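Please walk through the model below, from its contacts with DNA to the fold of one chain and then to the pairing of the two copies.

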2 protein chains.
Amino acid sequence: MSEKPTHLLKENNLRVTDCRIDVLNTFISRQVALSHADLEEVLKENFDRVTLYRTLKTFLDKDLIHKVLDDSGAAKFALCSHQHEEHEQHDHNHVHFKCEVCGLTNCIEEISLPNIALPKGYKSKEVNVLVQGICNKCA
Amino acid sequence: MSEKPTHLLKENNLRVTDCRIDVLNTFISRQVALSHADLEEVLKENFDRVTLYRTLKTFLDKDLIHKVLDDSGAAKFALCSHQHEEHEQHDHNHVHFKCEVCGLTNCIEEISLPNIALPKGYKSKEVNVLVQGICNKCA
DNA sequence: GTTTATGCAAATTCTTTGCAATACT
DNA sequence: AGTATTGCAAAGAATTTGCATAAAC
């Protein structure tokens, strides 16, 4: 584990607590979108369910994580990549891939987001794409 | 109100009931994605909350409606357009637009779905796009 | 020392299930 | 008549809130 979680927290004027560090480390090591339930499974021995809810909300407010669309109903979250490179313009375009075999959802950064031509009068601010299928590991 | 709801139900071997007709009419007249809560607001005088849950589940099973991705957390649903034209291949690609002013989400059918080049090894089966911004009415 | 986060209990809200009564075909 | 749907009650999950204690700065 690097010092990344501590730095992320300090950069965002958040107090450095065990729970926040552990949640960030979970996101970093898993590299997939996690729901509250996913986190609870991993961290319930150490922290209260309520604390995890509040931690997620805090991170969301500070733009440390973003919501990942999912058609399962459960809200999932992933680390925002723009947190890693400072001064980068906040880029609210995401492509996520959900594997129907292993069930994992990950952000696909390599993809250049297609240009979507909207009907006239529509103004686009944020584009989220969820691709479902089979990932390279499960193929 | 046309006879559309009745026909849709019969086509799908579903019994024609007041609740189902009213739910379908709500989808047809609103032309936007609706959550369970949205329906409840409109129809709670007439039907039980539980009946609405079951109606949505039934329609989902029969592919009369589909889930619409939303980052608000609440699952939303919209009529499947392929129900209107029979024998059309089920097409599981959707582009939805959510207006951040009026809050409404609608399916944008006119759009040709962009081709998304996935990293090798990934197989795509379904693509959902959620564009957020400002719609033509709120601009 | 002051402010903020945590844990626990409890309140709300959301969703599902069982079963008798009702409506549909 | 026979089968599927509805409404009500109640169970079970998911999420939020209040407040005293503990931890961070």
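Which backbone N or O atom lies 3.2 Å from a phosphate oxygen of DNA strand D? The atom belongs to B:Asp48. Before going further, some conventions: this is a predicted model, in which local features need pLDDT of at least 70 and side-chain atom pairs count only at pLDDT 80 or more, while totals for chains, interfaces and linings use all residues. Residues are numbered from 1 along each chain as its sequence is written, chains are lettered from A and ligands numbered from 1 in the order in which they are written, and side-chain values use heavy atoms, with hydrogens and water left out.

The pair at B:Asp48 falls under the definition of a polar contact, a pair of N or O atoms within 3.5 Å; within protein, one must be able to donate a hydrogen and the other to accept it, and residues adjacent in sequence count only if both atoms are side-chain atoms. Two further pairs involve DNA strand D. A backbone N or O atom of A:Val16 is 2.9 Å from a phosphate oxygen of DNA strand D, and a side-chain N or O atom of B:Thr51 is 2.6 Å from one. Around DNA strand D there are 16 residues, the closest being A:Tyr53, B:Arg15, B:Arg20, B:Thr51 and B:Arg54; a residue is near a molecule or strand if one of its heavy atoms lies within 4 Å of it. Sugar or phosphate accounts for 62% of the atoms of DNA strand D within 4 Å of the protein, and bases for the rest. Helix 4 of chain A supplies the largest share of this surface, four residues. At least two residues each come from helix 4 of chain A and from helix 2 (18–30) and helix 4 of chain B. Helices (H or I, at least four residues) and strands (E, at least two) are DSSP runs, numbered from the N terminus.

DNA strand C is also surrounded by 16 residues, and A:Arg15, A:Arg20, A:Thr51, A:Arg54 and B:Tyr53 are the closest. Of its atoms within 4 Å of the protein, 61% belong to sugar or phosphate and the rest to bases. A polar side-chain atom of A:Arg20 lies 2.7 Å from a phosphate oxygen of DNA strand C, and a polar side-chain atom of A:Thr51 also lies 2.7 Å from a phosphate oxygen of that strand. Helix 2 and helix 4 of chain A, with helix 4 (49–61) of chain B, give two or more residues each to the surface near DNA strand C. Helix 4 of chain B gives the most, four residues.

Now take chain A by itself. It has four helices and six strands, in the order α-α-β-α-α-β-β-β-β-β along the sequence. Of its 139 residues, 44% are buried, where buried means under 20% relative accessible area, exposed over 50%, and partly exposed in between (1.4 Å probe, protein chains only).

Helix 2 of chain A has seven residues to consider here: A:Cys19, A:Arg20, A:Val23, A:Leu24, A:Asn25, A:Thr26 and A:Phe27 are buried. Their cover includes helix 1 (4–11), strand 1 (34–35), helix 3 (36–43), helix 4 (49–61), strand 2 (65–68) and strand 3 (76–79) of chain A. Just after the helix, A:Gln31 takes a positive phi of about 60 degrees.

A:Leu39 belongs to helix 3 of chain A and counts as buried because its relative accessibility is 0%. Beyond its neighbours within four places in sequence, A:Leu39 is in contact (heavy atoms within 4.5 Å) with A:Val23, A:Thr26, A:Phe27, A:Leu34, A:Lys44, A:Leu52 and A:Leu56. A:His66, in strand 2 of chain A, is buried with a relative accessible area of 10%.

How do the two copies relate? A rotation of 178 degrees with 0.0 Å of shift along its axis superposes chain B on chain A, with an RMSD of 0.2 Å; the fit is by least squares on the C-alpha atoms of residues with pLDDT of at least 70 in both. That is the relation of a two-fold axis. In chain B, the C-alpha nearest the axis is that of B:Val129, 2.2 Å from it. Since 100% of the interface residues of chain B are also interface residues in chain A, the copies meet through the same surface.

B:Val129 also appears among the residues with the most contacts inside the largest nonpolar core, together with A:Phe97, A:Val129, A:Val131, B:Phe97 and B:Val131. That core has 22 residues, a nonpolar core being a set of buried Ala, Val, Leu, Ile, Met, Phe, Trp, Tyr and Cys residues joined through side-chain atoms within 4.5 Å. Strand 4 (93–99) and strand 6 (123–134) of chain A and strand 4 (93–99) and strand 6 (123–134) of chain B are the elements that give two or more residues to this core.
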